Amino acid sequence: MASTVAANSVIEFSDDESEAGPSMGFAERQAETIKKLSAEFQCSACTDRFPRAHMITAKCSHRYCTACIKHLFMRSTNDESLYPPRCCKQEIPLALVSKHMNPEELATFQLARVEHATVNKTYCSDHACGEFIIPDNIEPGTHRATCTKCGTTTCSICKNGVHAGDCPDDESLRQTREMARVLGWQACYSCNRVVQLRSGCNHITCRCRAEFCYVCGAAWKTCACANADINRIEERAEEVVDRDAPRYLPPAERRARVDQVFADLQENHECTHSRRFQRLTNAPRRGYRCELCDAQHYKYILQCRQCYVNVCEECRRNRI
């Protein structure tokens with residue numbers, strides 16, 4: 001008897017379901033799904049709006065359209081300060097973007113990944129070419145590096161054309177290093193780029209991402225040098241006040257502002273830009289200058305609340 005009632009109950013429920021059609025709960029869920037899929041979101045780079053299917057979301061929750069995120073990845077192949085591609089200091093996985101790249105673009109990025117990871121880089125000595133030569137194409141012992149693009153052979157020590165016998169000193173490189181020494185510049189211990197510190201602390205982050213001391217050139221925090229030069233901090237404080245002053249400042253008022261900025265910079269000379277940036281509008285006639293990429297902007301600029309550095313939207317997300 002119990003089994004008969006149960007069977008009849010199932011049959012009756014099934015009949016009602018077929019007559020009434022899909023439940024309202026299912027229809028509502030379906031409508032909500034369609035609504036979400038058709039919703040448009042703003043790209044953090046170009047500010048245009050795109051459907052969800054055409055967007056990529058970074059770990060920090062910023063959204064990019066596929067064109068802009070691919071553009072960032074391809075720019076990073078030529079601009080080491082953008083590598084690895086990142087947003088809000090968090091690396092953007094290649095897996096999110098690779099499906100939107102063609103084979104040539106993907107190969108270019110993979111080659112750049114090897115290039116940026118190579119400490120002692122060798123480029124084709126033919127200036128008309130200048131192609132990066134991967135370490136696998138450098139013969140051990142002879143230091144002969146062969147360019148796969150044009151076939152030119154380069155000495156991986158002096159970076160000039162290949163030569164017989166031991167590698168002679170590179171005269172031009174020696175002159176550059178001597179000039180840097182005289183002018184007080186410093187060379188990166190990782191990639192040998194020469195940098196000039198105009199103001200701020202002695203902590204240098206090279207384009208190759210190596211961090212070193214501007215005073216002695218050693219890897220950062222491996223030496224006993226002072227973290228900052230008081231004179232450079234003073235110069236930076238004056239630069240900030242003069243940059244941001246909307247009008248001429250009487251000497252006493254200017255001095256007071258410089259002292260305040262100087263105190264802030266002393267406390268935050270190793271700023272990691274962890275706090276929110278403030279947006280500065282009402283640009284002067286000359287516009288605002290991004291202090292990282294040197295581009296001019298006329299709508300607004302972002303300023304770190306701790307160290308007063310002015311950066312554009314792109315550099316805030318993808319460089320610092």
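**Arg-207, the largest pocket and a three-stranded sheet**

Arg-207 is partly exposed, because its relative accessible area of 41% lies between the cut-offs of 20% for buried and 50% for exposed residues. This value, like the others reported here, was computed from a predicted model. Arg-207 belongs to the loop that links β14 (203-205) to β15 (211-213). When residues up to four places away in sequence are left out, Arg-207 is in contact with Asp-79, Glu-80, Ser-81 and Arg-193. One of these partners, Asp-79, is 128 residues from Arg-207 along the chain, yet the C-alpha atoms of the two residues are 8.2 Å apart.

The protein as a whole was described in the same terms of secondary structure, contact and exposure. It contains eight helices and 20 strands. Its chain has 320 residues, of which 33% are classed as buried. For contacts between residues at least 6 apart in sequence, 42% connect residues that are at least 24 apart. The exposed area of the protein comes to about 19800 Å², and 52% of that area is supplied by carbon and sulfur atoms.

Open space in the structure was examined next. Rolling a probe the size of a water molecule over the atoms shows where empty space remains. The largest pocket has a volume of about 1700 Å³. It is lined by 38 residues, and those closest to its centre are His-203, Ile-204, Thr-205, Glu-291 and Leu-292. Strand β14, which precedes the loop of Arg-207, supplies at least two residues of this lining, as does helix α6 (230-244). Sorted by class, the lining of the largest pocket consists of 15 nonpolar, 10 polar and 13 charged residues.

A further element is an open sheet of three strands, arranged in the order β9-β10-β11 with antiparallel pairing. Strands β9 (138-139) and β11 (153-155) are at the edges of this sheet; each has a single partner strand, so one side of each lacks a neighbour in the sheet. The pairing of β9 with β10 (residues 144-146) is antiparallel and extends over two bridges. In this pairing, Ile-138 has Ala-145 of β10 as its bridge partner.

Methods:
Residues numbered from 1 in each chain as written. Predicted model: local features only at pLDDT ≥ 70, side-chain atom pairs only at ≥ 80, totals over all residues. Heavy atoms only, no water. Helix = DSSP H or I, 4+ residues; strand = E, 2+ residues; numbered from the N terminus. Buried < 20%, exposed > 50% of the residue type's maximum accessible area, 1.4 Å probe, protein only. Contact = heavy atoms within 4.5 Å. Areas by Shrake-Rupley, 256 points an atom, 1.4 Å probe, with all protein chains shown as cover. 1 Å grid on protein atoms, 1.4 Å probe; cavity = no way out; pocket = protein on both sides within 12 Å on 5 of 7 lines; lining within 4 Å. Points joined across faces, edges and corners; volume = space filled by probe spheres on them. Nonpolar A, V, L, I, M, F, W, Y, C, P; charged D, E, K, R; others polar. Pairing = 2+ DSSP bridges.
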